[in-house]
Amino acid sequence: MGWDVWVLDEARPADWRDGPHQVPLPPLPDVPLIAPSDVPVRLAAGNWLIDLAPSPQYRRGHIAGARFAIRSRLPADLGASAPPLIVTCPDGVLARLAVADLRAQGIPATALAGGTAAWAGKIEAGDGTALSPFADRYRRPYEGTDAPREAMQAYLDWEFGLVAQLERDGTHGFRVVGP
């Protein structure tokens, strides 16, 4: 299946770390930061607040007035005449990376120090304003439709029965591998 497998023969329990896996990050770029207390003044001056949180998290709660965006789409979604930006995300890390990218393209941007977690002001739920489409997560075929629950269950029953159906058919070249 194209997988490389390695076995570490000399591993000891002391070699393993406890706790959740921490993804190693590159050094964060040195970008301008804005204190949460300065955000209202900047917004009143016409800055836009951009939130790079995953869309489900953005919909559960974002800083009032923040616009949802996907980092990789941000320059295209902003268009040619972007106002100065304040960029945030849950912990502030992705915002700093995005600000470095935006500034390299000549787009004025600062990152919210500490990210959305540092915000003590109003949080709102819902779709808010989206610069990017909410297309950052896979949606199962039955999510967000008005299909009745019975139809969804019938589909799943059919899908789970495919192996038995193939065994009865006998006109194909498929075989089940594994348990």
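Which residues have the most contacts inside the largest nonpolar core? In this predicted model, they are I50, L52, L74, L78, L85, V87 and L102, in a core of 17 residues.

## Nonpolar cores

Four elements each supply at least two residues of the largest core: helix 3 (74–78), strand 5 (85–88), helix 4 (93–104) and strand 6 (109–112). Helix 4 gives the largest share, 4 residues. A second core, separate from this one, has 12 residues, and I34, Y58, I70 and L112 are among them.

The surroundings of V87 can be listed residue by residue. Not counting residues up to four places away in sequence, V87 touches I50 and L52, then A95, A98, V99 and L102, and also A109, T110, A111 and L112. Of these, I50, L52 and L102 are also named, like V87, among the residues with the most contacts inside the largest core, while L112 is included in the second core.

## Sheet and helix packing

The model contains an open sheet of 6 strands with parallel pairing, in the order 1-6-5-2-4-8. Strand 1 (33–34) and strand 8 (129–130) are the edge strands, each pairing on one side only. Within the sheet, strand 2 (residues 48–51) and strand 4 (residues 67–68) run parallel and are joined by 2 bridges. The core residue I50 has R67 of strand 4 as its bridge partner.

Helix 4 packs on the sheet, where it touches strand 1, strand 5 and strand 6. The direction of helix 4 makes about 175° with that of strand 6.

## Contacts of D77

D77 lies in helix 3, an element that also supplies residues to the largest core. The side chain of D77 makes a polar contact with the side chain of S132, at 2.5 Å. With neighbours within four places in sequence left aside, the contacts of D77 are L131, S132 and P133.

## Overall architecture

The protein chain has 6 helices and 8 strands. Along the sequence, these elements follow the pattern β-α-β-α-β-β-α-β-α-β-β-β-α-α.

The radius of gyration of the protein chain is 24 Å, whereas a compact globule of 179 residues would have one near 16 Å. Along the principal axes, the C-alpha atoms fill a box of roughly 70 × 55 × 30 Å. Of the 179 residues, 25% count as buried. Among contacts in the protein chain with a separation of 6 or more, 74% are between residues 24 or more positions apart.

Technical notes. Residues are numbered from 1 along each chain as its sequence is written. This is a predicted model: local features need pLDDT of at least 70, side-chain atom pairs count only at pLDDT 80 or more; totals for chains, interfaces and linings use all residues. Side-chain values use heavy atoms; hydrogens and water are left out. A nonpolar core is a set of buried Ala, Val, Leu, Ile, Met, Phe, Trp, Tyr and Cys residues joined through side-chain atoms within 4.5 Å. Buried means under 20% relative accessible area, exposed over 50%, partly exposed in between (1.4 Å probe, protein chains only). Contact means heavy atoms within 4.5 Å. Two strands pair if DSSP finds at least two bridges between them. Axes are lines fitted to C-alpha atoms, for helices over the stretch in contact, and angles run from 0 to 180 degrees between N-to-C directions. A polar contact is a pair of N or O atoms within 3.5 Å; within protein, one must be able to donate a hydrogen and the other to accept it, and residues adjacent in sequence count only if both atoms are side-chain atoms. The radius of gyration is taken over C-alpha atoms; the globule rule is 2.2 Å times the number of residues to the power 0.38.
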